[in-house]
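Biologist: Could you take me through the largest pocket in close detail, please? I would like to know what lines the pocket and where its lining comes from, and then hear about any disulfide.

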Amino acid sequence: MSAQLPQRLLRRWRALFALVALALGAVAPVSAAWVTTPWAPEAGEVFDIVPHANAPTQGILVGGAEFFGSGTLGKGIVRLNAATLAQDTGFTASVTQGANAGEVHAIAVQSDGKIVIGGRFDAVNGVARSNIARLNVDGTLDATYTASVTAGSEGILTMVMQPDNSVLIGGGFTQVNSTARDYLARLTPAGALDAGFSNPALDNQVRTLALQPDGAVLAGGFFNVAHGQPRDALVRLTANGSLDTTFANPAITGWVNALYLQPNGQLLVGGSLGTIVGAAREGLARLNANGTLDAGFTVDADGSVHDIVSADASRVVIVGGFENVAGTPLRRVARINYSTGALDPTLTDVGVLNAGFITYTAFSRSPTDVLIGGWFALVDGQSRSNLAQIVEQAGAPLAPSITQTQGLNSGAMVTVAAPADTGSGPVTGYNVTCTPMGPGAPVTASGLSPVALTGMVNGTPYQCVARAVNAAGAGPASAPAMVTPTADGGVVPVPTLSIGALVGLALGCGALMGWRRGRAIRS
């Protein structure tokens with residue numbers, strides 16, 4: 001998201017996104033397990049989340065655009081306390097582009113804790129830096145590191161730190177330290193261009209990188225040529241940057257956003273893939289160690305996959321722009337058991353809704369605790385501005401359903417139907433949250449159905465969700481329903497939007513979003 005946007009305008013747009021999400025997500029989540037937490041920072045687009053073990057306390061680095069509310073303030077990058085997720089106010093980095101916040105697309109941490117950041121920016125802490133910089137552990141600029149990446153609209157999109165603190169960088173650039181390098185290069189620990197890593201002569205941008213134990217480099221992106229040879233969206237290079245001819249051309253007709261190297265050498269590939277050697281694979285596929293397609297791995301997503309991160313020894317979390325995985329409704333977050341090649345049903349739909357935009361990145365704090373970042377407005381029925389935490393709620397009930405809403409004078413009555421599965425015990429009540437579609441604070445109430453809410457503004461539409469509660473806690477949110485308090489009151493049926501209304505909402509948001517450039521990073 002552009003850093004020029006004032007906070008007031010962003011709030012208005014999030015309200016519009018939530019309204020479109022209501023139309024797009026009218027089916028209740030099937031999850032009994034995964035819910036969002038109260039942690040709700042406000043952020044511009046979030047592109048990368050990585051651990052920072054060398055922080056004074058264990059930290060998590062978040063790279064993106066501007067962070068502007070709910071205790072998380074900064075430009076380009078912030079550090080969170082790994083235990084509490086509170087912002088580390090001792091971390092002082094400020095990444096800018098002109099007078100606005102810059103964008104940090106990729107973060108790589110050295111063995112000594114110093115942080116290399118890449119993205120699209122022209123200054124760090126007020127000092128000129130061209131799309132790449134190195135920070136000290138406390139976020140101050142390392143003045144000795146003066147690498148520059150130029151001649152490309154997207155700057156750096158991905159980075160991988162090597163064991164010797166050399167860093168591989170990929171993106172939309174064609175020059176590094178004023179020397180021609182086509183979309184992929186390696187820098188020494190001092191920030192000099194590594195002449196021992198040859199120019200791969202790619203013909204388009206690199207969006208993701210992975211490093212094999214033997215030093216070979218896997219690169220995925222939009223390209224079709226490497227070292228003058230056909231290599232469609234994925235290539236393997238040797239440790240010195242030359243073409244590895246033992247790795248087959250996968251002939252991907254789309255592009256690659258994410259790579260995950262399994263311990264056995266097989267490779268999970270995420271993106272908007274199209275086909276691989278003629279076989280249809282929309283968002284996710286697995287290749288063998290020689291680059292051939294693993295035809296037995298058939299778990300696929302119906303939209304783009306943007307990141308693949310480890311959850312534990314046999315499972316990964318995938319995030320992106322998809323609505324379903326292996327035919328199961330899983331909106332933008334899913335977990336795959338790669339040892340069995342099957343969808344993991346225990347990470348069920350948390351309903352990341354964002355009016356058609358996407359989840360870019362994830363970081364698994366544990367198998368039951370995941371941070372997600374991207375461009376979204378709702379998670380599990382709760383307003384979340386591009387950064388959220390989802391956790392497993394063991395034994396919680398399934399999502400209930402709202403069957404009727406009634407606007408009252410400065411309030412509402414919400415009727416809730418019990419969930420199909422009450423989890424580990426009987427439902428003892430419902431938590432209902434109604435969020436205004438515009439200025440104002442959410443209103444909450446708890447109790448048996450129907451649940452009465454007060455303190456609402458007459459004439460203002462509210463979006464309401466309900467959660468069933470048992471002894472284990474509150475389950476995931478219901479599908480949202482609308483209510484408008486009025487002095488006269490009145491029963492309002494749960495709305496079903498027509499295709500025309502949905503298109504109108506989408507076009508309205510599209511017009512407001514006309515300021516956004518059609519940049520490839522948001523594909």
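Modeller: Happy to! In this predicted model, the largest pocket has a volume of about 1000 Å³. Its lining is made up of 34 residues, and those closest to the centre of the pocket are Asp48, Thr158, Met159, Leu209 and Asp307. By residue type, the lining divides into 23 nonpolar, eight polar and three charged residues.

As for where the lining comes from, several strands contribute, each with at least two residues. Going along the sequence, these are strand E3 (46–52), strand E8 (103–109), strand E14 (156–161), strand E19 (206–211), strand E24 (255–261), strand E29 (305–310) and strand E36 (359–366). You can place the central residues on these strands by number: Asp48 falls within the range of E3, Thr158 and Met159 within that of E14, Leu209 within that of E19, and Asp307 within that of E29.

Now to your other point. Searching the whole structure turns up one disulfide. The bond links Cys434 with Cys464, at an S to S distance of 2.1 Å. Cys434 sits in strand E43 (residues 429–436) and Cys464 in strand E46 (residues 462–470), so the pair ties together parts that are 30 residues apart in sequence. The link between Cys434 and Cys464 is right-handed, with 110 degrees about the S-S bond. Cys434 counts as buried because its relative accessibility is 0%, and Cys464 is buried too, with a relative accessible area of 0%.

Key: Residues numbered from 1 in each chain as written. Predicted model: local features only at pLDDT ≥ 70, side-chain atom pairs only at ≥ 80, totals over all residues. Heavy atoms only, no water. 1 Å grid on protein atoms, 1.4 Å probe; cavity = no way out; pocket = protein on both sides within 12 Å on 5 of 7 lines; lining within 4 Å. Points joined across faces, edges and corners; volume = space filled by probe spheres on them. Helix = DSSP H or I, 4+ residues; strand = E, 2+ residues; numbered from the N terminus. Nonpolar A, V, L, I, M, F, W, Y, C, P; charged D, E, K, R; others polar. Disulfide = S-S within 2.5 Å. Buried < 20%, exposed > 50% of the residue type's maximum accessible area, 1.4 Å probe, protein only.
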